[in-house]
Each structure stands twice: as structure tokens, then as C-alpha cells.
Amino acid sequence: MAFSLPLLFFFVCHPSRSGGSAFAASYGCPIVNTGWASQVAASNTQGKSTVPEGDTIYRSARALGRALTGKTITRFESGYALLVRANDEDPIAGQIVTKVEARGKWLLIHFSGREGKPAHTLVTHMLMSGSWHIYRPGERWLIPRSDVRIQLETADFVALAVRVPVAKMHTAASLLRDRAIPPATSDVLRESFNPDDAVARLMSYADEELANVLLRQKVLAGVGNVYKSEICFLLALSPFRKVGTLTPRQAEDVVATAQRLLAANVLEDSGDGIVTFQGKNRRTTRNSDPGANVWVYGRKGKPCRRCGELIQRCLQGPQARSTYWCPHCQPLPVL
Ligand SMILES: [Zn+2]
């Protein structure tokens, strides 16, 4: 089940508000769309409600994994009917958390299962509003109870899914069938991640624009809208060039840069205490000034940090996601 109202509202309603023309015009950027869609997108790019990137989810998974792995669940509650039903049929309380992992934007909590029954995995996606919080039992919550969608407890910790809009309970078999959840091997932050395979996946979308392919979680799980623009800038690649125009070396650089950026942003220790992950400290530049922690993302109309040209923004791709770029540093290739 998916309660992705903000996104659905944007995707479904926009064409009806604009008669479809503005939506269509947002394909094949660069076009600066000044209509309703860009206002919605702009409101999503002011640092308040952007979709968490892979590093954010990875840190959530790491903190949850430290708190829960190997521990017996003593309480499971949810306001979501499908989770309640799954829990009624096969109670999560009494089961052990065997693993917590991130797969791109998805956070997976695996349970041990019971004899004679398939083990289940709780899968959540944060979209724009959700996060996981961890508390000690008895500790005062910093969020209202009405915002809690899932509550997991062990003897030592209380884990809360706060305003998490997408939650599913999977078996191993149904998890494999869920095409929305990328396989572990495509996650940029995994030890098992194979850069050569990722280059091959990237290059298989030869006719698509680079920035759009960077958002495909089955190509590079974990790269989101912020890193999409930052990776293109760092490599002086136009986000609008077709993937098929990349040289093999450039394709390798794209994958390596994605790995480097995401890995750099999961180094800090998130600890075991109260954890809320908003990705506020994400950094892709070497500048320690928090206002200078990205090269282009969210910087429309501001001077490029390398050449001084004004950073541009447009809505790109079928999902009309904001792309930021410097037209001087990232020219389209001359073919
Ligand atoms: Zn520039």
C-alpha cells in the first residue's frame, strides 16, 4: 500500500491544472518552467521537504540496526490496516530482528519469523515527510503520538516510524517480486556493490538523459535529486546529455563519484541515542560553511562556485524533478 499523497497530488493533478502543456514542456529541459509545477517543485527544494537520499536512509538503517538487530520485539503497533492484518496473522512481537538494511530510498527491517511460517520484512519508504526515530523506553518523544505510523519496541529501545507514508510487510518471495525495491546489489553504499555492473546498467539507458538515469534506483540505488545535480556538476557533465554520449571513462567517473559522495555523507557516527535524520549536514563541497555545502543544488540564480555564471534550474524528466546546473561549466557535448 502506498500513501504517497504529496507526490500523487503533484503527478496526477498537475496536468489538469495546466491543461497538460506545462507538464509536457518540462520534458527535454533546459526549459525554465514558471507555471504551477515549478512552484510545487520549488517548495520541495528549499531544504524543508526534499526526499531523503540514500545516505540519509543508510544512516537511519545503521542506527536502527544497532538498536534492534538480534533483539526480540516486545511490541508492534501500526495505524496501517495492512500491517495490522499481517501482525494479526503472524504477530511480530516475540520475533527477533535479524537485519536492518537500506536499499536506495527503502529501509528494510527483517524479522526472524516463526516455525512453519515465512519470515517477514517490514519495508518503509520515507518519501518527503517520513523518518525513523529511536528512543529509550520512557524517554519523552519529541513528536506527537498522532505522527507515529509504526511502533516497534524491544527491551532497550522504542523505534518509531514518524509520518512514514509508505509501509509494506513482505515475505522473501514477495520482496523479490516488488519491482519498486531495488536489489541489494545496486545500492551504492553496499560492500557488495560492483562498479562495473553499475556502469553497464547506466550505459544500458543510452537514449535517456543522464540526470534522469541517475534517479533510476535500479541503476544506482541511493542517488536522489540532490546528488543527481551535484554529480553532474562535479564531472562537468550536462545533466541533459544522453547517457550514450558518455565515454567509458566518464561513465566510470559517474559511478565512482556517486559512491564517493554518498560514502562521505555516512561517515559521521550517528550514535545510538535519539536520532532524527533530515540530511541537514549533507555536503558535497569541501567547504565547512554549512551554507556552502553544495555546488549547485538549490542555488538557482546564484553564482557558480567555479566560474561565476548564474546557476540555472529546470524541471526534468517524466517526473519533473528539479535539476540545477551551470551552463558554462556543464555544456552539452558538441556531437
Ligand atoms: Zn560554472
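I will go through two sheets, the helix that packs on them, and then three elements further along the chain, in a model that is predicted.

Let me begin with the sheet whose strand order is 2-3-4-8, an open sheet of four strands in which the pairing is antiparallel. Its edges are strand 2, residues 97-103, and strand 8, residues 166-171, each of which pairs on one side only. On average, and with direction ignored, neighbouring strands in this sheet are turned by 20 degrees against each other. If you look at the pairing of strand 2 with strand 3, residues 106-111, you will find six bridges between the two antiparallel strands, and among the residues involved Val100 has Ile109 in strand 3 as its bridge partner. Helix 4, residues 54-68, packs on this sheet, where it touches strand 2 and strand 3, and the direction of the helix makes about 170 degrees with that of strand 2.

The second sheet is also open and has four strands, here in the order 1-6-7-5, again with antiparallel pairing. What is left at the edges of this sheet? Strand 1 and strand 5, the latter covering residues 131-135, have a single partner strand each, so that one side of each remains without a neighbour in the sheet. Neighbouring strands here are turned by 15 degrees against each other on average, once more with direction ignored.

Within this sheet, strand 1, residues 75-78, pairs with strand 6, residues 148-153, over four bridges in the antiparallel sense. Two of the partnerships can be named: Arg75 is bridged to Glu153 in strand 6, and Ser78 has Ile150 of strand 6 as its partner. Strand 6 is in turn joined by five bridges to strand 7, residues 158-162, and these strands run antiparallel. Val148 stands opposite Val162 of strand 7, and the two strands, 6 and 7, form a hairpin with four residues between them.

Helix 4 comes back at this point, since the helix that touches strand 2 and strand 3 also lies across strand 5 and strand 7, running at about 35 degrees to strand 5.

Now to the helices further along, starting with helix 7, residues 195-203, in which Ala198, Val199 and Leu202 are buried. Why do these residues fall on the same side of helix 7? The arc they cover around the axis is only 105 degrees, which puts them on one and the same side. As general background, an α-helix has 3.6 residues a turn, so residues three or four places apart point the same way. The face of helix 7 that is turned away from the buried side carries Asp196 and Asp197, which are exposed. As for what the buried residues of helix 7 pack against, the elements are helix 8, residues 210-214, and helix 10, residues 248-264.

Helix 10 leads to the last item, its crossing with helix 9, residues 225-234: the two axes come within 10 Å and cross at roughly 125 degrees, which makes helix 9 oblique to helix 10. The crossing is right-handed. From helix 9, the contact is made by Tyr227, Glu230, Ile231 and Leu234, and from helix 10 by Val254, Thr257, Ala258, Leu261 and Leu262. Helix 10 therefore appears in two places in this account, once as a packing partner for the buried residues of helix 7 and once in the oblique crossing with helix 9.

Notes: Residues numbered from 1 in each chain as written. Predicted model: local features only at pLDDT ≥ 70, side-chain atom pairs only at ≥ 80, totals over all residues. Buried ≥ 20, exposed ≤ 12 C-beta atoms within 10 Å, placed from the backbone. Arc of directions from axis to C-beta. Contact = placed C-beta atoms within 7 Å. Pairing = 2+ DSSP bridges. Axes fitted to C-alpha atoms, helices over the stretch in contact; angles between N-to-C directions. Parallel < 35°, antiparallel > 145°, perpendicular 65-115°, else oblique. Left-handed = near helix turned anticlockwise from the far one by under 90°.
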